[in-house]
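Here is a walk through one chain, from its surface to its core and on to its charged pairs. Keep the coordinates open while reading.

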Amino acid sequence: MKWLQDHEVAINLALFKRYQFYHIFNPNSSKILNYDSYKFTNVLFIVVVTSYNIFSAMCFFTDTVDTIDSIDLLLMIFIYSIIIISLLKICVLLFNADQIWDLFDLTRFDFLSSRLCRKNVGILYKYRDRSITITNLYQNYSTLVFIIWMIVPLVLNTFAMTESPNQRYHNIFNMQYPVSASIYNNYYYIFYLMEIAMGIFVLNYSMIIDNFLISLCWAIIAQYEVITTAFENIGNDCKLEKLQKGKKNNSFEAYEDLKSIIMDQKKIYTKLKSFYRVVWIIVIFLIIIDSVLLIILTYSFIMICSSAESFSIFNILKISTAFFVFVIQLYLYCYLFDVLNDKKESVNLGIYSCDWTRMDLKLKKILLIAMKFNNANQLKIKATPNKIVNLQLFSSVGDDNNLQHCHGYAQNN
């Protein structure tokens, strides 16, 4: 597949190119020692981030760190959870880079080749505009939240620091390190820059991947709506002069349209299977971790509000802004997979809505076979054996039983 242009696809390709995310999957990118330069750079970055977090986690095994209070401990669990899910996302996508590159073909405006599908390509443009708006807003809001987290510790260090030599300066994530407070304070800006690097890692390997998967979901939803509309128009879009040519010619045209639409639907289904095969582990663990993170942030918010510390408003600002990031993230995943399931199932309604009463017996049998095929292929991502990823799951993420079932299902798979 050639290098795609922004106007050729129904996703926010400009955003992914801006963050150099699209380049990771291009098999024709530049090489370093016979290795893909973008993949090599990202693997190196993953190794550095993992080493950094191992170094930070060593604080739990040394005596140089002061006692960690409950709020800092919760926030540390929060940060480590974000980094873990970010590492999982990028590792899964790098491991399946060829399949991801192939999925970009699904987003093309000319992916569907049948006559009736091409007549409804305007649906893709409608969803493309929606996808670009949502992904830009989500990425910009996530960036704004990170900027707030960057500014807050500088303000606290300026106005809310005591003269105690054992008090550590506030940092972006307040991660602990196996060094004494005096060493930490003396080299504070080094640690500050390290945490900035962690924030950039999360923005590039978590939020941008979320936007990519969200864009893919919108594209698949749009393609299924095109298929449904094409089925509805079989036999209904003939002009008066065509109707006057006789039933035989109309039946032949309807047969050709039906055959080509079914082939297009098969292409989408093949891509959807590949998409689910790659992202199911990301979606399952994201639901589990996001649910835990929302609980952690809620407890942290309550504890900070009940504390008597001055300048607690800044910590409240940090937690509340981050809280909405993960609410939006979890909602978008559940909402889009819910809509995707509905669009896939609505194809049968589109088939039934076509002008099948005027078709001959052969066409009616093909329509019936197509409907049976759709009913037999109930492809969905499930959080548990009995719960699919949809809005109903989003409304019950705080239920402890649901979290336990999701965690057990993820381990079993």
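Start at valine 48 in this predicted model. Valine 48 sits in helix H2. Its relative accessible area is 46%, so valine 48 is partly exposed. A residue counts as buried under 20% and as exposed over 50%, so the 46% of valine 48 falls in between. Valine 48 has company. Together with Ile32, Tyr35, Phe40 and Leu44, Val48 makes up a nonpolar patch on the surface. The five share about 490 Å² of accessible area. Helix H2, residues 37-57, gives the largest share of the patch, with three residues.

Next, the annotation. The UniProt record, an unreviewed entry, marks several stretches as "transmembrane region". They are residues 43-61, 73-95, 141-160, 196-221, 275-304 and 316-336. Two of these stretches can be set against the model. Residues 196-221 are 100% helix and 0% strand. The C-alpha atoms at the ends of that stretch are 36 Å apart. Residues 275-304 are likewise 100% helix, with 0% strand. Here the end C-alpha atoms are 41 Å apart.

Now go inside. Which residues touch the most other members of the largest nonpolar core? They are Phe78, Phe104, Phe275 and Phe337, in a core of 128 residues. Helix H8, residues 188-232, supplies the largest share of this core, 27 residues. Take phenylalanine 78 and look at what surrounds it. Leaving aside residues up to four places away in sequence, phenylalanine 78 touches Trp149, Leu293, Ile296, Leu297, Ala322 and Phe326.

Charged residues come next. Is aspartate 264 buried or exposed? Its relative accessibility is 1%, so aspartate 264 counts as buried. The cut-off for that label is under 20%, so the 1% of aspartate 264 meets it. Aspartate 264 belongs to helix H10, residues 247-306. Its contacts beyond four places in sequence are Leu112, Ser113, Ser114, Cys117 and Ile227. Aspartate 264 also has a charged partner. Its side chain meets that of lysine 267 in a salt bridge, at 3.9 Å from N to O. The limit for a salt bridge is within 4 Å, so the 3.9 Å pair qualifies. Aspartate 264 and lysine 267 are three residues apart in helix H10, so about one helical turn separates them. The two ends of the pair carry opposite labels of a sort: aspartate 264 is buried at 1%, whereas lysine 267 is partly exposed, with a relative accessible area of 31%.

Salt bridges that share partners also join Asp105, Arg108 and Asp110 into one network. Within that network, aspartate 110 pairs with arginine 108, and their closest N and O atoms are 2.9 Å apart. Aspartate 110 is partly exposed, at 36% relative accessible area. Arginine 108 is buried, at 13%.

How many salt bridges are there? The count comes to 10. Another of them links aspartate 6 and lysine 17, whose closest N and O atoms are 3.7 Å apart. Aspartate 6 lies in the segment before helix H1 (13-18), and lysine 17 lies in helix H1, so this pair ties together parts that are 11 residues apart in sequence. Aspartate 6 counts as partly exposed, at 29% relative accessibility. Lysine 17 counts as buried, at 16%.

Finish with the backbone. Two residues have a positive phi although they are not glycines: glutamine 20 and asparagine 174. For glutamine 20, phi is about 60°. Glutamine 20 is placed in the loop between H1 and strand E1 (31-32). Its relative accessible area of 37% makes glutamine 20 partly exposed. For asparagine 174, phi is about 55°. Asparagine 174 is placed in the loop between helix H6 (122-159) and helix H7 (181-186). Asparagine 174 is buried, with a relative accessible area of 15%.

Definitions and conventions. Residues numbered from 1 in each chain as written. Predicted model: local features only at pLDDT ≥ 70, side-chain atom pairs only at ≥ 80, totals over all residues. Heavy atoms only, no water. Helix = DSSP H or I, 4+ residues; strand = E, 2+ residues; numbered from the N terminus. Buried < 20%, exposed > 50% of the residue type's maximum accessible area, 1.4 Å probe, protein only. Contact = heavy atoms within 4.5 Å. UniProt positions renumbered as here; feature names shortened; annotations may be inferred. Patch = residues over 30% accessible without salt bridge, like charges linked within 9 Å, V, L, I, M, F, W, Y side chains within 5 Å. Areas by Shrake-Rupley, 256 points an atom, 1.4 Å probe, with all protein chains shown as cover. Core = buried A, V, L, I, M, F, W, Y, C linked by side-chain atoms within 4.5 Å.
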